[in-house]
Protein chains: 6
Amino acid sequence: MKTGLSETIERLSQADDSTDFFYKYDNKEAMPSVDILKEIISLARSILFPGYFGNSNVNGDTLIYHIGLNIEKLLTLLTGQIKAGLCFEQFDKKSGREDLCKTAKEKAIALLKLLPDIKEQLHTDVIAAYNGDPAAKSPGEIIFCYPGVRAISSYRFANALLRLGVPLIPRIISEMAHSETGIDIHPGATIGNYFTIDHGTGVVIGETTVIGNNVKIYQGVTLGAKSFPLDKDGNPIKGVDRHPKIGNNVIIYSNSTVLGNIKVGDGAIIGGNIWVDVEVPAGARLIQQEKRSE
Amino acid sequence: MKTGLSETIERLSQADDSTDFFYKYDNKEAMPSVDILKEIISLARSILFPGYFGNSNVNGDTLIYHIGLNIEKLLTLLTGQIKAGLCFEQFDKKSGREDLCKTAKEKAIALLKLLPDIKEQLHTDVIAAYNGDPAAKSPGEIIFCYPGVRAISSYRFANALLRLGVPLIPRIISEMAHSETGIDIHPGATIGNYFTIDHGTGVVIGETTVIGNNVKIYQGVTLGAKSFPLDKDGNPIKGVDRHPKIGNNVIIYSNSTVLGNIKVGDGAIIGGNIWVDVEVPAGARLIQQEKRSE
Amino acid sequence: MKTGLSETIERLSQADDSTDFFYKYDNKEAMPSVDILKEIISLARSILFPGYFGNSNVNGDTLIYHIGLNIEKLLTLLTGQIKAGLCFEQFDKKSGREDLCKTAKEKAIALLKLLPDIKEQLHTDVIAAYNGDPAAKSPGEIIFCYPGVRAISSYRFANALLRLGVPLIPRIISEMAHSETGIDIHPGATIGNYFTIDHGTGVVIGETTVIGNNVKIYQGVTLGAKSFPLDKDGNPIKGVDRHPKIGNNVIIYSNSTVLGNIKVGDGAIIGGNIWVDVEVPAGARLIQQEKRSE
Amino acid sequence: MKTGLSETIERLSQADDSTDFFYKYDNKEAMPSVDILKEIISLARSILFPGYFGNSNVNGDTLIYHIGLNIEKLLTLLTGQIKAGLCFEQFDKKSGREDLCKTAKEKAIALLKLLPDIKEQLHTDVIAAYNGDPAAKSPGEIIFCYPGVRAISSYRFANALLRLGVPLIPRIISEMAHSETGIDIHPGATIGNYFTIDHGTGVVIGETTVIGNNVKIYQGVTLGAKSFPLDKDGNPIKGVDRHPKIGNNVIIYSNSTVLGNIKVGDGAIIGGNIWVDVEVPAGARLIQQEKRSE
Amino acid sequence: MKTGLSETIERLSQADDSTDFFYKYDNKEAMPSVDILKEIISLARSILFPGYFGNSNVNGDTLIYHIGLNIEKLLTLLTGQIKAGLCFEQFDKKSGREDLCKTAKEKAIALLKLLPDIKEQLHTDVIAAYNGDPAAKSPGEIIFCYPGVRAISSYRFANALLRLGVPLIPRIISEMAHSETGIDIHPGATIGNYFTIDHGTGVVIGETTVIGNNVKIYQGVTLGAKSFPLDKDGNPIKGVDRHPKIGNNVIIYSNSTVLGNIKVGDGAIIGGNIWVDVEVPAGARLIQQEKRSE
Amino acid sequence: MKTGLSETIERLSQADDSTDFFYKYDNKEAMPSVDILKEIISLARSILFPGYFGNSNVNGDTLIYHIGLNIEKLLTLLTGQIKAGLCFEQFDKKSGREDLCKTAKEKAIALLKLLPDIKEQLHTDVIAAYNGDPAAKSPGEIIFCYPGVRAISSYRFANALLRLGVPLIPRIISEMAHSETGIDIHPGATIGNYFTIDHGTGVVIGETTVIGNNVKIYQGVTLGAKSFPLDKDGNPIKGVDRHPKIGNNVIIYSNSTVLGNIKVGDGAIIGGNIWVDVEVPAGARLIQQEKRSE
């Protein structure tokens with residue numbers, strides 16, 4: 001190249017086989033695809049809230065054709081992505097490719113069979129958001145517009161995949177929702193019914209968090225790991241149960257940070273902009289103290 | 001289906017006519033479309049800031065052809081979306097479809113006639129951002145890059161639609177801007193001239209907020225409802241005027257939360273990370289007190 | 001137009017030649033294009049982390065063809081965008097168009113030659129994120145899913161462009177990453193190796209910030225300008241070195257705000273939700289004081 | 001415009017309301033769309049030959065979901081195009097738009113109910129092509145590759161629309177097939193079962209042609225109007241039955257021209273490159289006479 | 001590459017600088033683009049027959065905005081393609097790139113100024129097709145559906161470009177029309193008003209053909225070069241005026257071949273499937289003689 | 001469905017497992033894809049005539065990167081399509097899917113290794129077309145514009161695939177070229193060097209045709225099977241060698257039909273519009289006899 005870039009090309013092409021930064025996979029396997037995962041989420045939404053999503057007229061008479069087709073498409077796409085996730089995780093490849101195909105399809109079918117239950121649970125979330133927001137005109141508006149509901153939908157879908165033992169894909173789905181809504185719910189979290197996130201930008205819910213029923217949290221709330229106690233290398237200790245356990249009927253206002261494997265009791269209300277790293281008793285009401293006028 | 005999913009399809013297809021979770025609309029009406037609304041916002045931007053948006057060369061001689069065409073396209077697209085919004089709201093359908101068409105077109109025309117005023121007001125916002133940011137090289141950079149200006153543009157457009165009585169569509173537009181910028185301004189808020197939002201991720205401005213002229217707020221600031229006083233069912237009391245009233249020349253720093261129908265007086269400066277739920281006098285300067293070294 | 005919009009079209013078409021709000025450029029120059037810049041970032045990622053990005057199978061044997069082609073495409077696209085950036089900045093146009101072409105190509109080549117170094121530096125960031133996150137299963141998961149790595153990649157690319165004297169384009173790239181991840185790093189900031197941003201939504205890092213090696217910050221953290229000292233017009237004083245200087249091995253927890261040209265010493269740990277505007281000594285541990293139960 | 005084109009724009013914009021060359025239609029009606037008609041033909045093919053067309057896996061278990069959905073899409077798209085055709089034809093518009101909608105939907109439903117019969121008839125055409133071509137390996141190859149079958153499919157679909165009284169649309173469909181295959185069959189022609197067109201480029205079959213069963217014609221064959229007898233203005237006489245009537249079991253070889261309302265008897269064979277303008281008896285074999293060596 | 005293809009890649013990459021089969025152009029120049037030329041033809045059609053083409057509602061009030069915009073777009077696109085054509089032709093490049101830009105823009109403007117005249121002439125062709133076809137229901141149907149009119153439109157546009165001295169581009173346009181309609185009119189041909197091509201597949205009209213007014217030709221007609229007289233190398237003699245000169249009011253039926261620089265007199269009628277290589281007197285009527293029953 | 005179409009859907013969904021008209025393939029296999037085959041042809045053209053096709057700047061220095069990448073893409077795409085072709089042919093599936101994958105890849109590699117030879121042969125065709133056409137300005141114009149060269153390129157590619165034993169795919173490629181150019185060359189034909197097709201619409205070259213070197217044929221020429229001798233069921237006799245054998249240096253003018261397994265000797269010239277079904281001696285010149293003036 002006249003531009004003298006050939007040396008740069010050489011340097012960039014030095015593929016060290018042992019490196020973690022170059023993903024070398026078999027010709028026949030693709031990487032997971034964010035575009036296909038978007039289509040999967042979109043299909044799932046059109047099944048879970050028919051008529052609201054899916055770009056199609058649908059009525060009581062034709063609903064079964066739509067559901068039938070969309071379930072079939074979901075099965076095909078999801079099987080492919082689950083397989084890609086399995087390949088990503090598996091380096092030794094002892095089990096062989098055919099096994100991965102079969103495993104992927106079994107997991108995809110198992111996920112699809114959970115959709116009616118996911119649908120029911122999501123309905124409780126919509127009802128909670130509608131009842132809790134003075135500005136919402138109808139449940140339909142909640143379903144169609146509210147980022148909280150979108151993030152929770154993706155979480156419930158990703159969480160089901162994770163519980164079925166699917167690697168990587170749940171994380172990608174949660175990051176897609178994070179990018180779309182600013183809400184970052186780790187698919188490993190456990191969240192009860194009637195869950196509401198209002199506005200939601202900046203919300204972080206960590207991997208080992210447990211949340212009860214009828215909980216509402218606002219934008220900027222972190223349910224995170226208390227990582228002051230570091231290991232001897234200065235890194236957070238891995239693998240421990242390190243996130244909060246939130247009871248039923250709790251409200252946490254904007255930008256508060258709840259850290260560590262602590263308990264927040266039933267009915268507690270935590271005001272905004274607070275740093276909470278000790279247990280909060282049931283029914284407590286915490287708010288930020290003092291301000292100072294300069 | 002050999003996969004044994006037929007029962008799942010049956011369960012998912014049970015369309016209960018009374019449910020809120022299945023939107024059954026007339027064949028001839030479409031749901032509001034996020035894609036078309038994106039095109040609408042894009043057309044509006046190309047009219048409000050010619051040359052910066054719209055993917056077209058445009059100069060003084062050809063400007064009128066561009067504006068003429070874009071106004072015409074906006075009229076068509078906006079009429080369709082307003083009609084979809086009216087259908088979404090209206091369930092009894094007493095007024096009939098033809099009326100909706102006529103109403104939608106009238107509202108679209110009324111909105112277009114407001115564009116020159118919106119343009120003027122947005123120019124004040126750009127000037128304020130340029131004057132207030134040491135890093136900005138030119139007003140053009142503000143227009144082309146700054147998420148604050150994008151969010152405020154969408155807000156001013158959505159606010160005008162809301163004042164014309166258009167349902168749902170203003171909310172969708174504000175959520176689109178929210179997803180793009182992390183800034184969530186309810187279209188019902190009232191905001192004066194020379195308004196600046198810096199960085200902006202996590203900003204929330206509620207429905208009944210009123211903001212004066214020459215106000216600047218930073219990322220993570222919430223102007224929200226103080227919802228501690230709940231009704232007897234444990235939900236926030238609906239319909240009341242519940243958000244802050246911000247005076248002129250106010251600055252609010254990052255991550256602060258101002259809650260409830262309280263007054264923040266002219267010229268007040270609120271530091272970052274504070275929880276404010278009582279009136280702030282004119283000229284006051286509030287900052288977070290104390291920190292503790294462990 | 002039968003809709004009576006002709007007067008509106010007239011008003012909107014009044015092109016005042018002196019206005020900042022109408023960008024009139026030469027027919028032959030295009031505005032910078034967000035779509036092309038997305039393609040540029042995508043190509044860069046496929047070069048920096050082969051196999052993870054780029055939608056192509058690639059192995060050790062074919063890597064050089066991929067790198068060669070992608071470098072060539074990057075050169076073409078980047079040259080065009082740099083030229084558009086130069087045009088945007090330059091109004092007098094004394095230097096002439098041919099010079100801009102030549103300058104743009106030289107800067108594009110210079111950037112490409114920096115890619116191997118950028119790649120090395122990014123690898124340290126991936127390693128730091130992997131070591132610091134108990135939930136991460138592999139470095140590959142970090143590369144493929146973590147918004148922090150995406151934002152840092154875009155920052156390192158934009159920062160290199162800025163140091164080469166390219167106007168506007170670095171800011172657009174940083175705003176694209178901001179919109180995608182909620183993380184807003186000004187391309188002018190200086191950031192060392194092994195840098196981690198966890199979750200990241202709401203993070204703001206200002207133009208004159210300096211960050212050492214092995215620093216970790218969480219969502220909602222602001223490293224901003226302390227702008228209380230205003231100039232006589234009430235605006236922040238422009239051009240001064242106004243952002244924090246963070247040492248090595250520092251951790252800053254979620255939603256904290258560090259403001260002004262202050263020093264945070266090596267090994268300091270700053271807890272969440274704090275407002276910091278004075279120097280923090282090396283090794284210090286700051287947390288929010290007190291809460292109050294109502 | 002600095003290019004001096006403003007006068008040209010003026011001249012081109014002089015819209016004479018009486019002209020045939022400027023189609024001014026109501027805002028709410030669209031022109032027929034070739035792109036949507038392509039989608040219609042594509043949907044029809046996926047219904048008539050499942051598995052061969054439609055980009056979808058389909059098996060015995062899921063076929064009914066596919067057919068159900070595709071019929072529903074066809075109904076929506078076809079109704080829109082039929083309405084556009086009706087608008088194109090109707091200038092007085094006495095009947096009103098609502099009537100057009102209703103009429104269009106009725107005609108679309110009527111067409112869909114004919115699909116099973118069209119499918120049966122097309123199967124005879126495929127069988128005839130397979131039996132008559134030494135190069136064809138399977139009926140599937142005929143369905144998937146042969147332009148003759150594509151042209152006849154489009155003809156049978158367009159012919160059904162024409163018989164239902166749909167204006168314009170059948171002609172557009174036949175021209176689409178003409179462009180794709182080089183075969184121009186007027187939708188008004190009447191064609192029996194087991195019809196074959198081999199290769200087909202240049203074939204023309206006129207509006208009032210009648211063709212029996214088991215007929216085969218080759219590329220370049222014209223079944224046209226004998227227009228030597230002109231009217232007093234020098235134009236072909238309109239509206240008369242002016243095309244050939246072909247019996248059963250006839251073969252016509254390449255590039256022959258059969259003109260006028262003449263009868264070609266059962267079992268006749270017409271060689272290539274002949275001009276035929278008089279009746280051909282049953283069982284006759286015509287070939288071009290003589291050649292001359294220079 | 002493990003597939004052993006590296007030698008093949010080597011062989012295919014041997015770029016002999018003197019070869020005609022490898023087009024090496026300057027980085028800044030693109031090849032002519034069929035996709036952009038399609039857009040150009042599409043824009044031209046929307047200007048020449050408003051409302052019929054262009055995917056836009058357009059009425060008397062908004063026509064001027066549409067024409068203005070489309071002329072501007074045509075100017076930009078056409079200038080680019082003309083420049084690409086000039087580059088393709090020009091190998092010595094003495095004149096320099098800036099000159100090519102200027103020349104290209106001048107030629108594009110000159111072409112646009114001819115559009116009103118081309119429009120008038122095309123209207124005569126539409127009238128002739130409508131008067132001459134018993135099956136046509138309206139001039140609108142001719143404009144919207146008839147391949148003959150499409151081919152003639154493209155020819156008249158390409159012919160104007162050729163007369164302005166634009167290389168290559170006219171040929172590409174004529175081949176695009178050839179592919180779409182099966183009608184191959186060399187842009188160098190000279191064709192009068194009221195010209196009709198019926199059906200048209202297989203029509204060929206050579207470079208030095210001259211056709212009078214009110215001529216009609218059918219599918220498969222060749223107006224070609226009589227190339228029996230070859231040069232000493234066995235190739236047709238180049239550069240001579242070698243195609244037919246057709247008078248006024250002539251009709252030529254399907255599949256006839258008229259070869260060489262011969263005169264076909266006014267009012268002559270040539271039947272189908274004939275080989276004509278000698279002069280045809282005015283008013284003559286030629287038909288194929290004899291056939292033979294075997 | 002309220003439209004009463006449910007019975008129609010039932011009828012259309014009756015999937016008879018034994019029918020030829022419903023293609024039921026394994027979930028994991030796709031039908032051959034015309035879109036992917038278009039991409040394959042497009043890649044092949046960019047390799048065979050670099051710079052002319054492929055939408056990329058390419059020069060001597062970067063050619064090898066382009067060729068390397070395109071060969072790799074071709075390998076992937078071609079392997080997939082060859083496998084789809086093998087599946088289409090194979091109904092018993094004894095050999096198993098893994099075998100098909102391996103076979104497909106082997107055949108794809110074998111085809112790619114033939115590309116340098118195909119390239120050389122195509123160069124002779126371009127040279128012949130350039131030398132034989134008085135209107136051609138450069139070989140580049142031939143490569144870029146002439147449909148004859150496109151059809152011959154596709155033929156030579158399809159012919160190589162057929163000789164490698166790939167089913168179905170060669171036929172689809174030849175029909176794609178047929179649709180694009182109106183030229184229908186069966187991939188089974190054998191064609192020498194320096195072959196020219198001028199204009200070409202309506203040309204048909206049958207499966208068992210053999211053509212020598214330096215042959216030129218014009219539009220509408222058929223080299224077909226003489227099918228008068230039918231079998232006892234009235235169908236052409238299958239499998240026999242039934243098409244013409246054309247010698248070297250032969251010219252055949254427009255619309256002539258040469259039928260049956262007959263020999264056309266070296267240097268023969270056949271005029272237009274003739275029906276030829278007996279042997280033509282070397283050096284002969286045949287033209288249509290007589291016409292009649294009415």
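This report walks through one chain, its contacts with other chains, a shared sheet and the nonpolar cores. The model is predicted.

## Chain A and its two domains

Start with a single chain. Chain A has 7 helices and 15 strands. It holds 294 residues, and 55% of them count as buried. Consider the contacts in chain A with a separation of 6 or more: residues 24 or more positions apart account for 46% of these.

The domain assignment splits chain A into domain 1 (25-182) and domain 2 (189-289). Where do the two touch? On the domain 1 side, 15 residues are in contact with 12 residues of domain 2 of chain A. Two helices of chain A, α4 (97-132) and α6 (147-163), each supply at least two residues of that domain 1 side. The largest share comes from α4(A), with 7 residues. By class, the domain 1 side divides into 7 nonpolar, 6 polar and 2 charged residues.

## How chain C sits against chains A and B

Chain C touches both chain A and chain B. With chain A, 51 residues of chain C are in contact with 49 residues of chain A. With chain B, 49 residues of chain C are in contact with 51 residues of chain B. The table sets out the two sides of chain C by residue class.

| Side of chain C | Nonpolar | Polar | Charged |
|---|---|---|---|
| touching chain A | 20 residues | 23 residues | 8 residues |
| touching chain B | 19 residues | 20 residues | 10 residues |

Which elements of chain C build the side that touches chain A? Each of these supplies at least two residues: α3 (63-89), α4 (97-132), α5 (139-145), α7 (169-181), β14 (285-288) and β15 (291-293). The largest share of that side, 9 residues, comes from α4(C).

The side that touches chain B has its own list. There, α1 (6-13), α7, β7 (222-224) and β14 of chain C give two or more residues.

Now the symmetry. Chain C superposes on chain B by a rotation of 120° with 0.0 Å of shift along its axis, at an RMSD of 0.1 Å. That is the relation of a three-fold axis. The copies use different surfaces: 16% of the contact residues of chain C recur in chain B. Chain C also superposes on chain A, again by a rotation of 120° with 0.0 Å of shift along its axis, at an RMSD of 0.0 Å. Here too, only 16% of the interface residues of chain C are also interface residues in chain A, so the copies meet through different surfaces.

## A sheet that crosses from chain D to chain E

Strands of a sheet pair through backbone hydrogen bonds, either parallel or antiparallel. One open sheet here has 6 strands and mixed pairing, in the order β3(D)-β6(D)-β9(D)-β12(D)-β14(D)-β15(E). Its edge strands are β3 (196-198) of chain D and β15 (291-293) of chain E, each pairing on one side only.

Follow the sheet towards chain E. Strand β12 (residues 269-270) of chain D pairs with β14(D) in the parallel sense, over 2 bridges. One such partner is R285(D) in β14(D), which bridges to I269(D). Next comes the step between chains. Strand β14 (residues 285-288) of chain D and β15(E) run antiparallel and are joined by 3 bridges. In this pairing, L286(D) has S293(E) as its bridge partner, and Q288(D) stands opposite K291(E).

## Nonpolar cores

In soluble globular proteins, nonpolar side chains tend to be buried together. The largest nonpolar core in this model has 261 residues. Which residues have the most contacts inside it? They are I252(A), I270(A), I252(B), I270(B), I252(C) and I270(C).

Take I270(B) as an example. Leaving aside neighbours within four places in sequence, I270(B) is in contact with I252(B), Y253(B), S256(B), V258(B), V276(B), V280(B) and L286(B). A second, separate core has 259 residues, including V276(D), Y146(E), I246(E) and I9(F).

## A closer look at Y146(C)

Y146(C) lies in the loop between α5 and α6 (147-163) of chain C. Is this tyrosine buried or exposed? Y146(C) counts as buried because 25 C-beta neighbours lie inside 10 Å, and the cut-off for burial is 20 or more. Along the chain, A129(C) is 17 residues away from Y146(C), and their C-alpha atoms are separated by 8.9 Å.

Notes
Residues are numbered from 1 along each chain as its sequence is written. Chains are lettered from A and ligands numbered from 1 in the order in which they are written. This is a predicted model: local features need pLDDT of at least 70, side-chain atom pairs count only at pLDDT 80 or more; totals for chains, interfaces and linings use all residues. A nonpolar core is a set of buried Ala, Val, Leu, Ile, Met, Phe, Trp, Tyr and Cys residues joined through C-beta atoms within 7 Å. A residue is buried if 20 or more other C-beta atoms lie within 10 Å of its own, exposed if 12 or fewer, and partly exposed in between; C-beta atoms are placed from the backbone. Two residues are in contact if their C-beta atoms, placed from the backbone, lie within 7 Å. Helices (H or I, at least four residues) and strands (E, at least two) are DSSP runs, numbered from the N terminus. Ala, Val, Leu, Ile, Met, Phe, Trp, Tyr, Cys and Pro count as nonpolar, Asp, Glu, Lys and Arg as charged, and the others, Gly among them, as polar. Two strands pair if DSSP finds at least two bridges between them. Copies are superposed by least squares on the C-alpha atoms of residues with pLDDT of at least 70 in both. Domain bounds come from an automatic or database domain assignment.
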